[in-house]
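Hi everyone, thanks for coming. I'd like to walk you through a structure that may be new to most of you, so let's put it up on the screen.

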Amino acid sequence: GASQGFIYVRAEYPLAISRLQTAIKQAKQAGLLGSGVLESPFSFNIDLRIGAGAFVCGEETALMSSVEGKRGTPRPRPPFPAEKGLNGCPTLINNVETLANIAPIIRKGADWFSAIGTEKSKGTKVFALAGKITNTGLIEVPMGTPLRKIVEEMGGGAPDGRTIKAVQTGGPSGGCIPAEALDTPVDYDSLMKLGSIMGSGGMIVMDETTHMVDVARFFMEFCMDESCGKCIPCRAGTAQMHHLLTKILGRKATARDLEKLEELCDMVRNTSLCGLGQTAPNPVMSTLRFFRQEYTDLLIADKYGPKVNGNGAGK
């Protein structure tokens, strides 16, 4: 029963905005948008909403606040958007990649779509391949395609004869998957088991020259800057994690600091209001899991020993 749709686009993408404006104009001329769609009683309009580039607006309730002209901050759920969303109305909110699948599924049938991908992850996925890789760009692959096929065959492997060390999937809050796990199929469940996510389809390749603690700090700095600040776990937790990672890289941290970093990761993941904070620890947790030696090599001895109690005396 909806009669109004919105496409939310970042202002940094002028080409996308221009092409969407053209597409909407053409759809109106063809009678596919506006009043009396295809000479029926049904009317539907689509307007563009231009965002200011806040990463947190990838979270659906923050995006809706931005569309309403408010500051892009997440809202607690429930109520969910399907019950009370944009301007208090029931709202269906999806990534355009999801909505783009609807027409071919209706045309060709659910069985055709279900034949692509894996048992639990159907269809295809678009990835942006970047980093220390010979061929960069956008690729579309069936769900379940092995990571090795994407990185080595399609991406051409690491340039200059170097070896691949890790691949990060899922954007800034995704996890780093080590080279020994490159035969992992790219689907939701497999990535989750490795401490990563599918996210919006980012895929960053790293070679042997990459220091994984530096990578974790780089992405934590991004998440810290992009935190909307509404909830304390994300606002303060990402800043403290960034501080500890800087301390480790500066060779000023002890085993106790590393322990504190892991505790913070757990706290931020489990108590943040939205997906930004809940996934922000992924780069740290995954690099600690698969590249822990790179952290411990940077630690200094603690003069109190491995543990201390509240008054500073060694246990």
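**A sheet and its cores**

Let's start with a pair of strands: β5 and β7, the latter covering residues 202-207, run antiparallel and are joined by five bridges. One of the places to look is Gln-168, whose bridge partner in β7 is Ile-204. Before I go on, please keep in mind that this is a predicted model.

Now to the other neighbour of β5. Three bridges link β5 with β6, and this pairing is antiparallel too. Here Ala-166 has Pro-178 as its bridge partner in β6. Between these two strands of the hairpin there are six residues, and Gly-170 takes a positive phi near 95°.

Is β5 mostly covered or mostly open? Mostly covered: this strand spans residues 164-169, and six of its six residues are buried.

Let's move across the sheet. Strand β3, residues 124-131, pairs with β4 in the antiparallel sense through six bridges. If you follow Leu-129 over to β4, you arrive at its bridge partner, Gly-137.

So in what order do the strands of the open sheet come? There are five of them, arranged β4-β3-β7-β5-β6, with mixed pairing. β4 (137-142) and β6 (176-178) are the edge strands; each has a single partner, so one side of each has no neighbour in the sheet. On average, neighbouring strands here are turned by 30° against each other, ignoring direction. As a general reminder, strands of a sheet pair through backbone hydrogen bonds, either parallel or antiparallel.

Now for the inside. In soluble globular proteins, nonpolar side chains tend to be buried together. Which residues touch the most other members of the largest nonpolar core here? They are Leu-147 and Val-167, in a core of 21 residues. Two or more residues each come from β3, β4, α6 (147-154), β5 and β7. Helix α6 gives the largest share, three residues.

Let's zoom in on Val-167. Leaving aside residues up to four places away in sequence, Val-167 touches Leu-147 and Val-151, then Gly-175, Cys-176, Ile-177 and Leu-182, and also Met-203, Ile-204 and Val-205. You'll remember Ile-204 as the bridge partner of Gln-168.

Apart from this core lies another one, with 17 residues, including Met-241, Leu-244, Leu-245 and Cys-265.

That's my tour. Thanks for listening, and I'm happy to take questions!

Note on methods: Residues numbered from 1 in each chain as written. Predicted model: local features only at pLDDT ≥ 70, side-chain atom pairs only at ≥ 80, totals over all residues. Heavy atoms only, no water. Pairing = 2+ DSSP bridges. Helix = DSSP H or I, 4+ residues; strand = E, 2+ residues; numbered from the N terminus. Axes fitted to C-alpha atoms, helices over the stretch in contact; angles between N-to-C directions. Buried < 20%, exposed > 50% of the residue type's maximum accessible area, 1.4 Å probe, protein only. Core = buried A, V, L, I, M, F, W, Y, C linked by side-chain atoms within 4.5 Å. Contact = heavy atoms within 4.5 Å.
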